[in-house]
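Dear colleague,

I am passing on to you the structure below. My notes on the contacts between its chains follow directly after it.

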Protein chains: 4
Amino acid sequence: MTFGTKSKGVYAIAATPFLEDGSIDFNSVDSLTDFYEQSGCTGITILGIMGEAPKLEPDESRAIIKRVVSRAKVPVIVGVSAPGFAAMRSLAKSAMDMGAAGVMIAPTPALKTDDQIVNYFASAVEAIGDDVPWVLQDYPLTLNVVMANSVIAKIMSNHPSCLMLKHEDWPGLEKISKLRAMQAAGELREFSILCGNGGMFLDFEPERGADGAMTGYGFPDMLTELVGLFAADKRDEAHDLFDAHLPLIRYEQQLGVGLAVRKHVLKRRGVIASDAQRKPAQMLTPKARAEVDYLLERLAKKDARAALKA
Amino acid sequence: MTFGTKSKGVYAIAATPFLEDGSIDFNSVDSLTDFYEQSGCTGITILGIMGEAPKLEPDESRAIIKRVVSRAKVPVIVGVSAPGFAAMRSLAKSAMDMGAAGVMIAPTPALKTDDQIVNYFASAVEAIGDDVPWVLQDYPLTLNVVMANSVIAKIMSNHPSCLMLKHEDWPGLEKISKLRAMQAAGELREFSILCGNGGMFLDFEPERGADGAMTGYGFPDMLTELVGLFAADKRDEAHDLFDAHLPLIRYEQQLGVGLAVRKHVLKRRGVIASDAQRKPAQMLTPKARAEVDYLLERLAKKDARAALKA
Amino acid sequence: MTFGTKSKGVYAIAATPFLEDGSIDFNSVDSLTDFYEQSGCTGITILGIMGEAPKLEPDESRAIIKRVVSRAKVPVIVGVSAPGFAAMRSLAKSAMDMGAAGVMIAPTPALKTDDQIVNYFASAVEAIGDDVPWVLQDYPLTLNVVMANSVIAKIMSNHPSCLMLKHEDWPGLEKISKLRAMQAAGELREFSILCGNGGMFLDFEPERGADGAMTGYGFPDMLTELVGLFAADKRDEAHDLFDAHLPLIRYEQQLGVGLAVRKHVLKRRGVIASDAQRKPAQMLTPKARAEVDYLLERLAKKDARAALKA
Amino acid sequence: MTFGTKSKGVYAIAATPFLEDGSIDFNSVDSLTDFYEQSGCTGITILGIMGEAPKLEPDESRAIIKRVVSRAKVPVIVGVSAPGFAAMRSLAKSAMDMGAAGVMIAPTPALKTDDQIVNYFASAVEAIGDDVPWVLQDYPLTLNVVMANSVIAKIMSNHPSCLMLKHEDWPGLEKISKLRAMQAAGELREFSILCGNGGMFLDFEPERGADGAMTGYGFPDMLTELVGLFAADKRDEAHDLFDAHLPLIRYEQQLGVGLAVRKHVLKRRGVIASDAQRKPAQMLTPKARAEVDYLLERLAKKDARAALKA
């Protein structure tokens, strides 16, 4: 399984597990890596926004990369977005040296015009080197940078080393359709599209042309099953599965509190030892935790994977 | 049924129906008003953000107010948010003169500090008059103004004429809990809380302390039923109903395209004659329309109200 | 003197004079109009952001347009920026019917991508009619919409009825040079460029290719003299004059408080009866007023026009 | 001379000198450090926004801190703003270990409500340790975070280790007056206020209560002279000096291009060897360079320090 313009399936956005004292829980890093692979994920993305990357020291980031890359049998993508190109360059170099399959880059929030965005990625590619495969992250809801299809097309044309779009515009279904139409018309080269936003529209994105998902929902095994059902043209079954999970997917898709839900679910499933976050952390209140548990309980009636272990 | 600090149930955020040529479809205004009432709505809110208010001439706004107020038996709230206090004052005066129960005011997007927000509403109340009942709209996702609970509390303390909070922060469940806790502790006077955001969290908001919903989802009859189930402590039944609708609720909750979904559903349900919008309009593509229809079809298996008439 | 793609000189951004009770001071509207003409202004722009336009009722806006248009012998431009195209259309129609030379339109703050900006102005032109001459306002500091030169070029190409750019990007000198270079290379049609930002860079803008200024600095007579000195190639004299005024220009160029400075200066010069503003108003504190008066006093040693009358 | 709540004078915001090949020019770091001291600066701030800090590798940042701290006889403040508290903690620790007098922290741009800002600085102080002296940077123009006086007061009350406010709100004169009034009334403890924004209002800030300036204008010797004139109550002389420099101060106060002006001036004055910037760099065009040189030429007639050496 390789990382390329034809990549399909589910790339898990990995959480970063901590112990209660705030130190990195490397045992849970291992079990989480194994869990993603056993769930059928075709890749793992680490040090993304949801991975609490800015809360890590540079040495810690490198330690996590080393741990995951040396253990995983699937391609590992490393988030290298940074406020300056110097940090981006050195982290990308470290990641590739340790065996990462590629890196992921999001636009810096200050970008305004189409040209500023295009130029930013030109500088980023110059910084990391044009031989380093990378993923373009399109995430306006958090980053406040809106990339028109024409901008994405220009970046893809300028940089053959960009192999994949992490799509998380919202609303975003038409964006997928239009990019695929441009490719079908021969106006745009091939690249993979994996969708984020917690999977909130994964019941329609594959039919629009997405190759799968790149997100951190606590049930990656459900995500891979869902993408498989679409690949097998089992539309109704796919929607049945999706609809069963949607209440939880929706609950998790809350900025800030979403990571707490995700870690809580992973802990309940026995994958990580603690749901601790480094500061600044937005933890679940008792009421919120009870709500999530109630959703899990309801989900378990339709999907045995949600049966609580603890 | 009156509009006050104890208001409960569902206030429908009314769409504004147009004919294909862009003129106001007053027959559909009537049928929509009737439909909201028959659906069990305890109030109707017109000229909100979703009501295409900025696309109307002042005379048209007044004509719609007159039409709805004179027909409806439930309280009618009129959105009067405006870039200046002069327009806000005159529209509020017109609305109250015609018999509206109150007005709704959102913060202007330029506000930054807590004090700026508090002062803005002081000026707004001075403009409309402190005898005019009003709803405070808290909608950060679109307006980019984040109101802390302490700010909401201060506005409520300063202005007894504010009777209701339209809550659509996201994430927002803890906000409801905290405001209700402040009231329980005697630190904050009573007011009604109705929730927006298309109903995306209406399966938990009532238990957190919300009095109901103020939103424009195409199945207001489902919203009133849902709020009723919570009032009757039928939690599981409420979730069953909610979960059946969530795929469509989620699809509708897309900025821009959401209004098109809403008008499409209302048209399919035979409530309005046309799904036309005034420019700038974001219409459904054929693919999107087919997706909505597929969701309606699936929903109809669980809720007969979704059976397509057309 | 007409309004067109070859317009030169100074278009005054007119303040809106109020009496102490908040009503419009039409006598001062007259004297202000006369003052701008006597100062050598080649045009007057009313109802701009600095003209407190959002604080006016629609009828008041129309009364001001009528008053100024019927009195002025120079072209009058009317700001018609509005949150919706309906209000823009009707105000533009009223203005043109009363004899305005054209209208001015700024982008709505929500615009993000290049295409969104281009499309916004296409809709605006459709709303006001493609026979109405207009000025494109480029004001990122306040409106948060950054227009690349390619975007301005596209708008100008799409809409022959756009005759002028009100330039107030900051930094903005290169923007003027590049637009003029595009025109020199035959890639872009002719249009007038008048600069805003309170005149803060008017010592270099004419040499970069600007045709003059459109701003509301309290000494329009100095602005016209300055533009004249540049036209006569008297560079050093122009800078001497500019540098004498820069401390005051700089003081006036403070968001919010700038209008108070401007009205204070106009009142001290005997042009308007009162420096009252409608709410929300940011008035000068006694300390600030003393600072402005001190700057006027210092300026008066170099420019007799600054000698205080009061 | 120490860094404390009574600090006065001018803290230079240091540029970071590079050689043409992009490597750090440590000889120029030395000469720049000497120059700031010889100019009468009472402190030096390194690795600020204008110091191209995000373009440096962590090791490079530490090398610069070491070089400046070991050479300077005045207190050195180190900018440690970072997207995460881990990086902030480790950089602050390194800086203090090497002998820095303190650190400077700006709010992260995502902060919205008053409480979010207050809490952010609580977390920052927890990260760096409450024994590390620090400067609070208030810079809304670039960071988009507006701090009310009540917020600044709360941060100062919460954290005795905050010794100084870097004030660069705009408009900002009233802010200084109000903070000083709160202190005079005994509502707020003592702290130093040094003003930024390139010195654009340094002709009035000392009289409002500022203790001096913290900015990187290419003539720090003029800034110290100016602050000295105010301390000696020579108001008119102070304004004469300020006004002579204002055209250049104003030109330098352009976001993005300002750093290029600053480095150009420092190079012309013989202080640094090259005006090279690391990417992304906004360099002076030939026209802009000629404009700056013309302003220097004009300035030299009034202030011999501006006479060009090259």
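**The contact of chain B with chain D**

Nine residues of chain B touch nine residues of chain D, where contact means heavy atoms within 4.5 Å. Please note that this is a predicted model, in which local features need pLDDT of at least 70 and side-chain atom pairs count only at pLDDT 80 or more, while totals for chains, interfaces and linings use all residues. Residues are numbered from 1 along each chain as its sequence is written, chains are lettered from A and ligands numbered from 1 in the order in which they are written, and side-chain values use heavy atoms, with hydrogens and water left out.

A turn of 180° with a shift of 0.0 Å along the axis lays chain B on chain D with an RMSD of 0.0 Å (copies are superposed by least squares on the C-alpha atoms of residues with pLDDT of at least 70 in both). This is the relation of a two-fold axis. Of the interface residues of chain B, 100% are also interface residues in chain D, so the copies meet through the same surface.

Together, chain B and chain D bury about 740 Å², with 52% of it on carbon and sulfur atoms; buried area is the accessible area (1.4 Å probe) that two parts lose on being put together, summed over both. Zero salt bridges are found across this interface, a salt bridge being a side-chain nitrogen of Lys or Arg within 4 Å of a carboxyl oxygen of Asp or Glu.

**The contact of chain B with chain A**

Chain B can likewise be laid on chain A by a turn of 180° and a shift of 0.0 Å along the axis, with an RMSD of 0.0 Å. The same surface serves both copies, as 100% of the contact residues of chain B recur in chain A.

Each chain is represented here as follows: 33 residues come from chain B and 33 residues from chain A. The two chains bury about 3,000 Å² between them, 55% of it on carbon and sulfur atoms. On the side of chain B, the residues that lose the most area to chain A are Arg250(B), Tyr294(B) and Arg298(B), together 21% of what that side buries.

Between chain B and chain A there are eight salt bridges. One of the residues named above takes part in a salt bridge: Arg298(B) pairs with Asp240(A), and their closest N and O atoms are 2.7 Å apart.

Yours sincerely
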